[in-house]
Structure formats: C-alpha cells, structure tokens
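Dear colleague,

I am handing over the structure we spoke about. Please find it below, followed by notes on what was found in it.

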Amino acid sequence: MRETLQRQLQEIMSATKLDNCPRTPDSVGRSARNGRSRALGALRQSRQAIMDINTEPSQNEQIIWDDPTAREERAKLADNLQWPGSPSQQSEPLHVNSINGEMEVPYYKQSMTDSELAEIAACEVIEAKKNTAAKFPAREETETSSKDSQILTPQAPSIAFPIANPPVPPQPKDQVEDGNKPKVKVQPRFQLSSLNPQERIDYSHLIEELGGVVLDKQCFDPSCTHIIVGHPLRNEKYLAAMAAGKWILHRSYLEACRAVGIFIEEEDYEWGSSSILDVLPGISAQQRKLAVAALRWRRTLQSERKSNICAEGAFCGWTVILNVDQSREAGFRRLLQSGGAKVLPSHSLSNYKEATHLFADFSKLKPDDARVNVLEAFSQKVNCLKPEYIADYLMQEPTPAMENYYLPEVVQCLEKGLDSSRHSLSRKRKVSGDASTLKKSRLK
C-alpha cells in the first residue's frame with residue numbers, strides 16, 4: 001500500500017514543472033491565485049483518492065484539530081491578501097498539469113501545513129469576492145437602464161414624516177358673483193305643502209329623477225332650500241319658510257323643470273312674482289298678502305346675507321319667552337327658531353333680563369300651568385305681546401306697531417300709569433294757578 005502511494009507521488013512530482021519566466025506583479029498575483037485554487041482542488045481530489053485506497057478502518061476516521069496559532073495566522077493572512085501590494089501576492093504561481101483528464105498535485109503539496117492550506121483557502125475566498133464585485137456594477141447598470149426606459153419622469157423622494165393634514169387642491173368654481181364670492185351649486189332639497197296626494201307622489205318622483213331630495217315631513221325642515229306650495233296658507237310650514245328666506249314656488253316650477261329635464265331658475269315661478277299673480281286672479285286677499293310677503297322676505301334676507309349683515313332669519317336678534325298651551329308651543333318654537341330667534345327654555349325671573357319678547361296666551365292655559373309675571377317682565381323692558389304678532393310681523397308691510405298687540409295686563413298697567421300721570425299733571429297745574437293768584441293779591 002505504501003509503495004503504491006509513493007509511486008503515485010513520484011509520478012505527480014515528475015509531472016510538475018515550475019515556470020521561471022518573469023511576470024509583472026499583477027499577472028503574478030492573478031496566476032498565483034488561479035494556480036492555488038486549482039492546486040487546492042487537486043489536493044482535495046488526491047486526498048479523496050488516497051482515502052479510497054486505504055482499507056484500514058483507522059484510516060477512514062477524520063480527526064479535526066483546531067490550532068489557535070494557525071487561526072491567528074489565517075486571519076493575518078486574509079487581511080494582507082485584501083491589498084494588491086501585499087508581498088504574498090508576489091509569490092510564484094503554482095502550475096497544475098492535466099494527465100488523462102485528471103488533476104495532479106505536486107508532492108510537496110501533500111505535506112502542507114494548516115497555515116498553508118488556510119492561505120490557499122483565503123485566496124479562493126478573496127478571488128470569489130472580487131469576481132462578484134466586478135460583475136455587480138454591470139448588473140446595476142442594466143437595472144438602471146431598464147428602469148429609465150420604463151419611467152419617463154423622475155419620482156419625488158418619499159416623505160420621512162407624513163403630513164397630518166395634506167393640502168387639498170381647490171375645487172373648480174362654476175360661476176362668480178360680485179367678482180369675489182363663488183356661486184356654489186347646492187343640491188336642492190324640497191318640501192311640499194298644500195298639494196293633493198297624487199301630486200305629492202308625482203312631484204316627489206320628478207324631483208328625485210332630476211337629482212333633488214324630497215323631505216317628507218309634516219313640519220318645516222330648516223335644511224330645505226325650496227318649498228312647493230299649491231296655495232299660500234297661514235300655517236307653520238309656510239310661515240317658517242318665509243321667516244327663513246326660502247324659495248316658495250308654485251307647482252308650475254316643477255312642470256317647467258320636467259319639460260327641460262333639469263332644475264331651472266326660480267324667479268319666474270316664485271309666489272309673489274307678477275308672472276304668477278297675474279295668471280291667478282282668483283286668489284284671496286290674504287293669499288295675495290302671504291305671497292307678496294314671501295317674495296319680500298326672500299329678497300331682503302338674500303341681500304342682507306350678501307352684505308354680511310345678521311341674516312339668520314326674519315327674527316334675528318330676538319330672545320323669546322313662550323307661555324302658551326303645550327299643543328301650540330312646539331309649533332311656535334319651530335317657527336321662531338327657523339327665523340333666527342332664540343327661545344329660552346323656562347319662565348324663570350332670571351331670564352327676564354335676557355329676553356326681548358314675551359308671547360303669552362293665558363286664555364288657553366290650564367289652571368295648573370305655570371304663568372309668567374307679565375308686569376315684572378314689562379318693568380324690565382320686555383315686549384309682552386300676543387302670539388298673533390308673529391304672523392302679522394311677517395305678513396304686513398310696514399311692520400305693525402307693537403302697542404296693538406300688548407297683553408291685557410300691560411294695557412291696564414299703561415292705563416293706570418296714564419291716569420296717574422294725568423292726575424299728577426292736573427294737580428301741578430292747580431297748585432301753580434293758586435300760587436299765581438296769591439302773588440297778584442300781594443302786589444295789589
């Protein structure tokens with residue numbers, strides 16, 4: 001067995017030749033690294049062949065021994081091999097000859113120490129890293145060129161900290177009024193009043209087909225923009241819409257919208273306009289008054305809103321105390337609030353300083369219902385009026401005088417005050433007359 005091994009080693013040594021021709025440092029380093037890598041591969045194959053030849057069981061066991069000194073040397077050698085100018089790069093290259101397609105390794109390679117084997121392994125690792133680094137830029141250029149061909153415009157850099165409230169681009173403006181304020185298109189919201197059931201069904205479908213909203217409520221809804229009225233009536237819905245300055249239109253408006261398929265301008269179909277009143281000569285005087293009042297309040301409030309004046313409604317600035325029966329209190333409250341009034345929740349004396357108007361009707365109150373102190377409220381300059389003043393304030397032009405709507409308690413108080421003032425005035429005149437007579441008698 002040993003003779004066979006020695007004969008193979010002699011054949012390897014005879015086949016190995018050293019090349020003594022001069023080389024530059026770069027070529028020597030590259031050839032040395034290539035030769036060492038090939039020599040290491042051949043050495044591994046030869047050792048595998050030797051292990052295959054050995055038949056003793058003890059020869060098949062592999063013993064691994066960790067040499068600390070060799071480990072330190074391998075680390076130092078790896079550091080030195082990273083620099084092209086390292087002396088280890090100038091060593092003579094190793095040549096490997098091929099005989100019959102098999103790699104042969106010189107004899108002295110078999111007797112290498114662990115440090116030498118580590119050097120060869122380190123050369124292979126460094127060579128592999130350099131080859132990878134040489135190929136990587138080309139791959140980057142390929143990827144960059146492919147991305148450039150796909151993306152025509154550069155992308156903005158990502159934001160490290162996202163904005164909490166990103167800016168929103170302005171919406172397009174359809175029309176401009178007064179040169180500054182844009183006219184924003186609002187979805188029309190309709191309420192129907194004084195129409196028969198069939199007309200309600202027909203007009204509700206039409207409004208929805210044209211893109212509007214139908215508010216099917218018995219009482220007035222402040223969110224509505226238009227109200228379609230068959231005949232003007234002095235009810236809560238009509239008066240509340242008037243106090244809020246809403247569009248109060250004749251049913252012919254929806255018929256005109258049906259003909260063109262869209263919502264059209266409202267002025268020619270508004271209750272109170274000449275185009276409507278001229279073709280309806282049979283309406284009563286009160287209906288005509290209600291129609292004209294609706295047109296007047298809508299124009300007044302619209303002009304005040306353009307001028308940034310307080311135009312919440314016809315009752316803007318009112319602070320009201322209500323003292324009526326419960327069946328009517330909710331309707332009065334909705335009517336006053338739709339016109340911009342503030343309705344106080346109670347009748348306490350502390351509210352008298354804040355209130356501007358008091359509306360009371362004691363004739364329909366129950367014996368157990370609370371009653372306000374009218375004289376105390378009047379003494380604090382609160383206008384104590386009958387509820388009828390609310391509707392007449394909306395309907396009449398010019399505005400009616402409050403004195404005609406004072407509560408009976410206020411009228412009695414005023415009459416007593418007038419009588420007392422007249423009596424005191426007559427007494428003053430009598431005293432002044434007696435004094436003048438006395439002066440004349442003294443002069444004589």
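**Cysteines**

The structure holds 0 disulfides. A disulfide is a covalent bond between the sulfur atoms of two cysteines. Please keep in mind that this is a predicted model. Two cysteines can be placed by their accessibility. Cys-224 is buried, at a relative accessible area of 0%. Cys-219 has 26% relative accessibility and therefore counts as partly exposed, since buried means under 20% and exposed over 50%.

**Helix α7 and its surroundings**

Helix α7 covers residues 236–244, and 8 of its 9 residues are buried, so the helix is mostly covered. The buried residues are Lys-237, Tyr-238, Leu-239, Ala-240, Ala-241, Met-242, Ala-243 and Ala-244. A lysine, Lys-237, is thus on the buried list. What do the buried residues of α7 pack against? Their partners are the strands β5, β7 (226–229) and β8 (247–249), together with the helices α10, α11 and α13.

One of these partners, α10, can be described in more detail. Two packed helices are described by the angle between their axes and the distance between the axes. For α7 and α10 (residues 285–306), the angle is about 30 degrees and the axes are 7 Å apart. Angles under 35 degrees count as roughly parallel, which is why α7 is described as roughly parallel to α10. On the α7 side, the contact involves Tyr-238, Leu-239, Met-242, Ala-243 and Ala-244. On the α10 side, it involves Leu-290, Ala-291, Ala-293, Ala-294, Trp-297, Leu-301 and Arg-305. By class, the contact has 11 nonpolar residues, no polar ones and 1 charged. The charged class includes Arg, and Arg-305 of α10 is in the contact.

Gly-245 follows α7 and has a positive phi, near 75 degrees.

**The sheet of four strands**

An open sheet of 4 strands runs in the order β10-β9-β11-β12, with parallel pairing. Which strands stand at the edges? They are β10 (342–343) and β12 (383–385); each has a single partner strand, so one side of each is left without a neighbour in the sheet. Strands of a sheet pair through backbone hydrogen bonds, either parallel or antiparallel. Strand β11 (residues 357–360) and β12 run parallel and are joined by 3 bridges. Within this part of the sheet, Leu-358 stands opposite Cys-384 in β12.

Helix α11 (residues 326–338) lies across β9 (319–323) and β10, and runs at about 170 degrees to β9. Helix α11 is also among the elements that the buried residues of α7 pack against.

**Backbone points to check**

Three loop residues deserve a look.

- Ser-194 is not a glycine, yet has a positive phi of about 60 degrees. Ser-194 is in the loop between β5 (189–193) and α6 (197–209), and at 25% relative accessibility it counts as partly exposed.
- Lys-381 is likewise a residue other than glycine with a positive phi, near 65 degrees. Lys-381 lies in the loop between α12 (374–379) and β12, and is exposed, with a relative accessible area of 76%.
- Pro-398 follows a cis peptide bond from Glu-397, with omega near 5 degrees. Pro-398 lies in the loop between α13 (388–395) and α14 (408–443).

Regards

Definitions and conventions: Residues are numbered from 1 along each chain as its sequence is written. This is a predicted model: local features need pLDDT of at least 70, side-chain atom pairs count only at pLDDT 80 or more; totals for chains, interfaces and linings use all residues. Side-chain values use heavy atoms; hydrogens and water are left out. Axes are lines fitted to C-alpha atoms, for helices over the stretch in contact, and angles run from 0 to 180 degrees between N-to-C directions. Helices (H or I, at least four residues) and strands (E, at least two) are DSSP runs, numbered from the N terminus. Angles under 35 degrees count as roughly parallel, over 145 as roughly antiparallel, 65 to 115 as roughly perpendicular and the rest as oblique. Contact means heavy atoms within 4.5 Å. A disulfide is a pair of cysteine sulfur atoms within 2.5 Å. Buried means under 20% relative accessible area, exposed over 50%, partly exposed in between (1.4 Å probe, protein chains only). Two strands pair if DSSP finds at least two bridges between them.
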